[in-house]
Amino acid sequence: MKKRLWRIIIGALLFVPALIIKPSDEWIKPALFAVAYLAVGGDVALRAVKNIVHGRVFDENFLMGLATIGAFCIGKYAEGVEVMLFYQIGELFQSYAVEKSRKSIASLMDIRPDYANVKCGEELIKTDPYDVKVGDIIVIKAGERIPLDSRVLDGNSMIDTSALTGESLPREVSEG
């Protein structure tokens with residue numbers, strides 16, 4: 001993500017002078033736009049070529065490359081660079097959103113308890129929740145998360161069911 005951000009910044013910094021400069025030679029302005037394009041969209045064009053070689057022609061890289069290079073071919077240099085710049089900014093935001101989602105999902109996976117207190121006679125044995133059998137009695141102590149879907153046999157309380165339901169609000173439970 002940092003590499004993409006730096007390419008966007010460098011491409012934008014090269015793009016602005018290309019817009020402003022009034023060159024004396026005709027070829028300087030297209031050359032400046034081409035350098036800005038390569039900075040911001042060179043990786044997209046390279047991926048498009050690699051995908052074509054592997055038989056995957058019509059993907060987003062190919063279409064973006066085709067559109068922006070097409071803009072260059074008809075003399076719309078600024079528009080070609082702008083489209084690639086906005087595409088890369090969109091990809092950056094998408095990467096950021098996906099990474100945030102992954103972190104959120106990973107943190108949700110961490111809410112599951114690592115053990116269940118299984119009652120064997122008068123003693124409690126810490127057991128992996130996957131090893132608890134149907135019919136085993138588990139004891140949930142104050143402040144512990146509920147390791148498995150279960151039925152309350154004795155007592156009533158407010159419990160944290162976030163590992164089962166995903167809701168962070170405590171729920172009141174009683175026998176049954």
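## Nonpolar surface patch

In this predicted model, seven named side chains make up a nonpolar patch on the surface: Leu-5, Trp-6, Ile-9, Ile-10, Leu-13, Leu-14 and Val-35. Together these residues have about 640 Å² of accessible area. Helix α1, which covers residues 2-20, is the largest contributor, giving six residues to the patch.

Ile-9, one of the patch residues, is found in helix α1. Its relative accessible area is 34%, and Ile-9 is therefore classed as partly exposed, the range for that class lying between 20% and 50%. The value also exceeds the 30% that a residue must pass to be counted in a patch.

## Helix α2 and its bend

Helix α2 runs from residue 28 to residue 53. A straight helix of 26 residues would span 38 Å, at 1.5 Å a residue, whereas the end C-alpha atoms of α2 are separated by only 33 Å. The helix bends at Gly-41, by about 70°.

Gly-41 is also among the buried residues of α2. The others in that group are Phe-33, Ala-36, Tyr-37, Ala-39, Val-40, Asp-43, Val-44, Ala-48 and Asn-51. The buried group thus includes the acidic residue Asp-43, whose relative accessibility is 15% and which counts as buried because the limit is 20%.

## Salt bridges centred on Asp-43

The model contains two salt bridges. In one, Arg-7 is paired with Asp-43, and the closest N and O atoms are 2.8 Å apart. This pair connects distant parts of the chain, since Arg-7 belongs to helix α1 and Asp-43 to helix α2, with their positions 36 residues apart in numbering. Arg-7 itself is partly exposed, at a relative accessible area of 22%.

In the other, the side chain of Asp-43 meets that of Arg-47, with an N to O distance of 3.4 Å. Here both residues lie within helix α2, four residues apart, which is about one turn of the helix. Arg-47 is partly exposed, with 31% relative accessibility. Arg-7, Asp-43 and Arg-47 are thereby linked in a network of salt bridges. Within this network, the buried Asp-43 is accompanied by Arg-7 and Arg-47, each of them partly exposed.

## The three-stranded sheet

Three strands form an open sheet in the order β2-β1-β3, with antiparallel pairing. Strands β2 and β3 (138-139) stand at the edges and have a single partner strand each, so one side of each has no neighbour in the sheet.

Strand β1 (residues 116-120) and strand β2 (residues 123-127) run antiparallel and are joined by five bridges. Along this pairing, Cys-120 has Glu-123 of β2 as its bridge partner, and Lys-119 stands opposite Leu-124, also in β2. In a regular strand, side chains alternate between the two faces of the sheet.

The hairpin of β1 and β2 has two residues between the strands. In this hairpin, Gly-121 adopts a positive phi near 70°.

Conventions: Residues numbered from 1 in each chain as written. Predicted model: local features only at pLDDT ≥ 70, side-chain atom pairs only at ≥ 80, totals over all residues. Heavy atoms only, no water. Patch = residues over 30% accessible without salt bridge, like charges linked within 9 Å, V, L, I, M, F, W, Y side chains within 5 Å. Areas by Shrake-Rupley, 256 points an atom, 1.4 Å probe, with all protein chains shown as cover. Salt bridge = Lys/Arg side-chain N within 4 Å of Asp/Glu carboxyl O. Buried < 20%, exposed > 50% of the residue type's maximum accessible area, 1.4 Å probe, protein only. Pairing = 2+ DSSP bridges. Expected span 1.5 Å × (residues − 1). Bend = angle between axes of the 7 residues up to and from the residue.
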